[in-house]
Amino acid sequence: MENNINTRFTSAFEEDVYNGLTSYPKHLSSKYFYDKKGDKLFQDIMNLPEYYLTNCEYNILATNTQKIAEAFAGPNGFDLIELGAGDGKKTKLLLRYLIDKKINFDYLPVDISQNALDELEGSLKKELPTVSVKTQQGTYLKTLERLSDYNSRKKVILVLGSNIGNLLHEDAIDFLKKIQDAMSPDDMLFMGFDQKKNPQTILDAYNDPTGVTEAFNKNVLERINNELDGNFDLNSFFHWETYNPETGTAKSFLISREKQAVTINNLDLTVNFEAWESIHTEISQKYDDMIVEWLASQADLKVTDSFTDEKDFYKNYIFRKK
Ligand SMILES: C[S@@+](CC[C@H](N)C(=O)[O-])C[C@H]1O[C@@H](n2cnc3c(N)ncnc32)[C@H](O)[C@@H]1O
């Protein structure tokens, strides 16, 4: 039965949508928010006053550019591999410094969104034409399988935007272990982790009054409509955010306002929703030093340095192999 289902899918998107919407409770992965429209909506989110994460990390990188860039540099240069690079706005701070100081490196951004990579490459050509860029489209996990191919010189693995927060701890440990496996003793991992703080500040970051976050969350339904010939009525769902201060987990949902049936023709599937039934779409995990150190130790990594903003809202950590 399982095999019959698998053979009829033509993409991971189809398979994940099928599995997520036939599960109880229903879920869809946040990695499917990102296409041309989703990338633009995420840039709008980064400009929202409530979405403190981007400014905090930008300030950390701007204040500590020299120290971070010096930690990156290796005797034969280095490969800078960024997982989930997005528009690279913050990374460009580091790239500019590295270029100015004539430090030898190649920049290898990875993203699931080809559109994000095309735009990043285009903007780098204009703003920093001497950076050597090689983009790779794909998921983190697929890319990590190929990461150990880069071992002719030092590797720096960069994960900004608290991207790791989209993973529950068990998956985050698996992700860190895969990175650790691919690392040589001199390599380093530089990763951003959004910190626990006043729960209201966190809820506000994912609940803006202008509706940008809601449109971003609903983009996964729009993609199902456009790419899988679905008929979701976007107005009959609304965005709902929760934050559990005990676990540090913020969760985004889409809630059906009414009992309804949705058809997805490419999957030959009708999905029934009860009134107020949810689709879980995103996790945005929050951390403190103790949790980060625990995650690192579970993956045989150690924290060797960290940088924070003036409110301690956000932290970037340097990890090395134990
Ligand atoms: C929250 S945004 C952050 C972007 C950037 N790191 C920043 O800090 O501005 C997440 C980015 O990771 C990409 N992404 C999400 N899930 C992914 C996955 N599983 N594999 C590869 N890229 C992914 C998205 O396309 C998006 O560009």
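## Two domains

The C-alpha centres of domain 1 and domain 2 sit 27 Å apart. Where the two meet, domain 1 puts 15 residues into the contact and domain 2 puts in 17 residues. Keep in mind that this is a predicted model.

As for who owns what, the domain assignment splits the chain into domain 1 (2-48 + 201-285) and domain 2 (64-195 + 287-321). So much for the layout; next comes the ligand.

## Around the ligand

Which domains supply the shell around the ligand? Domain 1 and domain 2 each chip in at least three residues. The ligand has 17 residues around it, and the ones that come nearest are Gly84, Lys90, Asp111, Tyr140 and Gly161. Sorted by class, the shell is made up of seven nonpolar, seven polar and three charged residues.

Three of those nearest residues are worth a look for their polar atoms. Lys90 uses its side chain: an N or O atom there is 2.6 Å from an oxygen atom of the ligand. Tyr140 works through its backbone instead, with an N or O atom 2.9 Å from a ligand nitrogen. Gly161 also brings a polar backbone atom, this one 3.2 Å from an oxygen atom of the ligand. And how much of the ligand does the protein bury? On its own the ligand would expose 590 Å², and the protein buries 93% of that.

## The open sheet

Now for some strands. Four of them make up an open sheet with mixed pairing, and the order across it reads E1-E12-E9-E8. E1 and strand E8 (237-244) are the edge strands, each pairing on one side only.

Pick the E8 end and you'll find strand E9 (residues 249-256) next to it in the order. E8 and E9 run antiparallel, with eight bridges joining them. If you want a spot to zoom in on, try Thr242, which stands opposite Lys251 in E9.

## A look at Asp35

Back at the other edge of the sheet, strand E1 (26-27) leads into a loop that runs to helix H3 (36-46), and Asp35 has its place in that loop. What does Asp35 touch, leaving aside residues up to four places away in sequence? The answer is Asn115, Asn219, Arg223 and Glu227.

Lys218 makes a handy reference point here too. Asp35 and Lys218 are separated by 183 residues in sequence, yet their C-alpha atoms are 12 Å apart in space.

Key:
Residues numbered from 1 in each chain as written. Predicted model: local features only at pLDDT ≥ 70, side-chain atom pairs only at ≥ 80, totals over all residues. Heavy atoms only, no water. Helix = DSSP H or I, 4+ residues; strand = E, 2+ residues; numbered from the N terminus. Contact = heavy atoms within 4.5 Å. Near = heavy atom within 4 Å. Polar contact = N/O pair within 3.5 Å; in protein donor to acceptor, adjacent residues only side chain to side chain. Areas by Shrake-Rupley, 256 points an atom, 1.4 Å probe, with all protein chains shown as cover. Nonpolar A, V, L, I, M, F, W, Y, C, P; charged D, E, K, R; others polar. Domains from an automatic or database assignment. Pairing = 2+ DSSP bridges.
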